[in-house]
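Colleague: I am new to this structure and would be grateful for a close look at a single part of it. Please begin with the setting and then go through that part and its surroundings in order.

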Amino acid sequence: MTLYEVAQKIILPPVLRLWRFQTEGAENVPRTGPLIVASNHASYMDPLALGVACPRPLAYMAKVELFSLPLLGPLIARLNAYPVDRRKSALAGIKKSVEILREGKAIGIFPQGTRVRDGEGEVHEGVALLASLAKAPVVPARISGSHHSLRFRQIKVSFGSPLRLPAGQKASREDLANFTSTVMNAIRGL
């Protein structure tokens with residue numbers, strides 16, 4: 001059993017009970033094949049909550065600076081995180097993500113790229129680009145209550161139905177923009 005699996009199945013579920021943790025719609029998550037789980041992101045708790053709620057392991061992009069921290073860096077690497085340097089070209093992060101997806105694995109992604117409490121703000125088209133390049137479905141997810149984690153309010157993760165770009169054609173910039181909007185609207189609608 002990997003450290004990720006131990007954390008996901010044994011360590012974190014009892015800890016998350018402090019927040020009356022709930023999951024809804026996990027049946028919408030395909031159990032095999034490439035998959036992108038796209039979620040809102042309001043708190044440092046979100047990757048933990050999403051990882052526990054998702055019925056299959058998720059890999060996450062994390063800013064490269066975290067990997068240089070003495071204890072945190074080695075830990076997050078063993079918890080399926082991979083580095084992305086936000087100050088440089090996003091190409092390396094995209095390539096690594098596509099590689100993971102083409103291996104039939106799942107990644108968790110926060111389309112806004114950073115924590116945003118009110119759900120508004122800039123949205124990046126990376127989720128649509130990855131879905132296009134890897135021919136992967138996107139399951140929208142919404143995490144609610146995590147921004148109040150210090151007050152031990154309930155945290156809930158909801159999963160929506162998988163979304164796909166139209167098959168058989170290369171996605172245009174307009175297709176990517178429209179799909180990004182569709183994913184974000186699905187997240188907000190959960």
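Modeller: The account below starts with the whole chain, then turns to one helix, H5, and what lies around it.

The model is a predicted one. The chain holds six helices and seven strands, and from the N terminus on these elements follow the order α-β-β-α-β-α-β-α-β-α-β-β-α. The chain is as compact as a globular protein of its length, because its radius of gyration is 16 Å, close to the 16 Å that the globule rule gives for 190 residues. Taken along the principal axes, a box of roughly 45 × 35 × 30 Å is filled by the C-alpha atoms. Of the 190 residues, 43% are buried. Among contacts with a separation of 6 or more, 69% join residues 24 or more positions apart. The chain exposes about 10400 Å², and carbon and sulfur atoms supply 56% of that area. As for charge, the mean positions of the 25 positive and 14 negative charges are 5 Å apart.

Helix H5 is the part chosen here. Helix H5 spans residues 126–134, and its buried residues are Val 127, Ala 128, Leu 130, Ala 131, Ser 132 and Ala 134. An α-helix has 3.6 residues a turn, so residues three or four places apart point the same way. The cover over the buried residues of H5 includes the strands E2, E3, E5 (106–109) and E6, together with the helices H4 (91–102) and H6.

Just after H5 comes Lys 135, whose phi is positive, at about 55 degrees. Most residues other than glycine have a negative phi. Lys 135 is not a glycine, yet its phi is positive. This residue is found in the loop between H5 and E6. Lys 135 counts as exposed because its relative accessibility is 63%, and exposed means over 50%.

A second residue of this kind is found elsewhere in the chain. Asn 80, also not a glycine, has a positive phi of about 75 degrees. Asn 80 sits in the loop between helix H3 (72–78) and strand E4 (81–84). With a relative accessible area of 28%, Asn 80 is partly exposed.

Several of the elements that cover H5 come up again in other places. Helix H6, one of them, covers residues 173–189 and contains Thr 180. Thr 180 is buried, because its relative accessible area is 6% and buried means under 20%. The side chain of Thr 180 reaches the backbone oxygen of Leu 176 at 2.8 Å.

The loop between E7 and H6 holds Pro 162, which is partly exposed at 38% relative accessibility. Beyond its neighbours within four places in sequence, Pro 162 is in contact with Asn 28, Pro 30, Pro 137, Val 138 and Val 139. The C-alpha atoms of Pro 162 and Val 29 are separated by 7.3 Å, although the two residues are 133 residues apart along the chain.

Strands E2, E3 and E6, which are part of the cover of H5, also pack against the buried residues of helix H2, as do helix H1 (3–16), strand E1 (22–24) and strand E7 (156–159). Helix H2 takes in residues 46–53 and is mostly covered, with six of its eight residues buried. Those buried residues are Asp 46, Ala 49, Leu 50, Gly 51, Val 52 and Ala 53.

Methods:
Residues numbered from 1 in each chain as written. Predicted model: local features only at pLDDT ≥ 70, side-chain atom pairs only at ≥ 80, totals over all residues. Heavy atoms only, no water. Helix = DSSP H or I, 4+ residues; strand = E, 2+ residues; numbered from the N terminus. Rg over C-alpha atoms; globule rule 2.2 N^0.38 Å. Buried < 20%, exposed > 50% of the residue type's maximum accessible area, 1.4 Å probe, protein only. Contact = heavy atoms within 4.5 Å. Areas by Shrake-Rupley, 256 points an atom, 1.4 Å probe, with all protein chains shown as cover. Lys, Arg positive; Asp, Glu negative; His and termini not counted. Charge placed at Lys NZ, Arg CZ, Asp CG, Glu CD. Polar contact = N/O pair within 3.5 Å; in protein donor to acceptor, adjacent residues only side chain to side chain.
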